[in-house]
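Let's take a friendly walk through this fold, from the sheet to the helices that pack around it. Keep the structure open beside you as you read.

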Amino acid sequence: MDMGFEMWDIEDKVDEYLWEIKKADEYRILKQCRMRVIEFLKAIRKGKKVAGRIYPEDIEIAKNIPISNIIEVDNRGFSLCPNHADTRPSMKVYPTRVHCFVCGYDEDVLGLYQTINNCGFIEAVKRLTQS
């Protein structure tokens with residue numbers, strides 16, 4: 001049966017249409033992403049805080065949280081080190097830092113929180129500023 005066209009002509013047309021659809025879909029996705037970026041930049045320019053983001057002032061707030069709020073400190077200013085299996089307090093707790101005299105672990109509030117809770121920097125800042 002001869003319909004006046006070959007099968008590969010149909011396949012080529014289908015491929016061409018699929019390519020056009022794919023390009024249109026990618027363009028739509030890119031346009032949506034562009035709009036989100038523009039909205040985000042406008043919010044920042046207006047000085048608004050965007051949900052889910054951390055800002056320099058959040059980091060400063062988290063760094064100024066007393067270490068004694070995160071770990072238990074004895075009356076001499078020592079605590080158990082979270083970096084190794086500690087049986088006696090060997091980590092000196094300073095106002096903004098800790099230092100272990102056994103393993104050399106030395107961190108600020110954020111680093112200590114990350115070690116204890118096994119989380120990343122951004123998550124640590126978010127959690128510390130929420131509490």
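Two strands count as paired if DSSP finds at least two bridges between them. β1 and β2 are a case in point, since they pair in the antiparallel sense over two bridges. Please keep in mind that this is a predicted model.

## The sheet

The four strands make an open sheet in the order β1-β2-β3-β4, with antiparallel pairing. β1 (78-79) and β4 are the edge strands, each pairing on one side only. Where β1 meets β2, F78 stands opposite K92.

Further along, β2 (residues 91-93) and β3 (residues 97-100) are joined by three bridges, again in the antiparallel sense. Three residues lie between these two strands, which form a hairpin. Here V93 of β2 faces V98 of β3 across the pairing.

## A closer look at β3

On its other side, β3 runs antiparallel to β4 (residues 106-108), and three bridges join them. V98 has a bridge partner in β4 too, namely E107. The hairpin of β3 and β4 has five residues between the strands, and G104 takes a positive phi there, near 85°.

Which residues of β3 are on its covered face, and which are on the uncovered one? V98 and C100 are on the covered face, whereas R97 and H99 are on the uncovered one.

## The helix across the sheet

α3 (109-117) lies across β2, β3 and β4, and runs at about 105° to β4. Its buried residues are V109, L110, G111, L112 and Y113. They pack against α2, α4 and three strands, β2, β3 and β4.

Just after α3 comes N118, with a positive phi near 50°. Most residues other than glycine have a negative phi. N118 sits in the loop between α3 and α4, and it counts as exposed because its relative accessibility is 72%, over the 50% cut-off.

## Where α2 meets α4

Two packed helices are described by the angle between their axes and the distance between the axes. For α2 (residues 56-63) and α4 (residues 121-130), the axes come within 9 Å and cross at roughly 70°. Angles from 65 to 115 degrees count as roughly perpendicular, so that is the description that fits α2 and α4.

From α2, the contact involves D58, I59, I61 and A62; from α4, it involves F121, V125, L128 and T129. By class, six of these residues are nonpolar, one is polar and one is charged.

## The nonpolar core

In soluble globular proteins, nonpolar side chains tend to be buried together. In this model, the largest nonpolar core has 19 residues. Which residues have the most contacts inside it? They are I67, M91, V98, Y105, L110, L112 and L128. α2, β2, β3, α3 and α4 are the elements that give two or more residues to this core, and α3 gives the most, with four.

L128 is a good residue to click on if you want to see how the parts come together. Leaving aside neighbours within four places in sequence, L128 is in contact with A62, I65, I70, V109, L110 and Y113. L128 also belongs to the contact of α4 with α2. V98 is another one to look at: this core residue stands opposite V93 and has E107 as its bridge partner in β4.

Note on methods
Residues are numbered from 1 along each chain as its sequence is written. This is a predicted model: local features need pLDDT of at least 70, side-chain atom pairs count only at pLDDT 80 or more; totals for chains, interfaces and linings use all residues. Side-chain values use heavy atoms; hydrogens and water are left out. Axes are lines fitted to C-alpha atoms, for helices over the stretch in contact, and angles run from 0 to 180 degrees between N-to-C directions. Angles under 35 degrees count as roughly parallel, over 145 as roughly antiparallel, 65 to 115 as roughly perpendicular and the rest as oblique. Contact means heavy atoms within 4.5 Å. Ala, Val, Leu, Ile, Met, Phe, Trp, Tyr, Cys and Pro count as nonpolar, Asp, Glu, Lys and Arg as charged, and the others, Gly among them, as polar. Buried means under 20% relative accessible area, exposed over 50%, partly exposed in between (1.4 Å probe, protein chains only). A nonpolar core is a set of buried Ala, Val, Leu, Ile, Met, Phe, Trp, Tyr and Cys residues joined through side-chain atoms within 4.5 Å.
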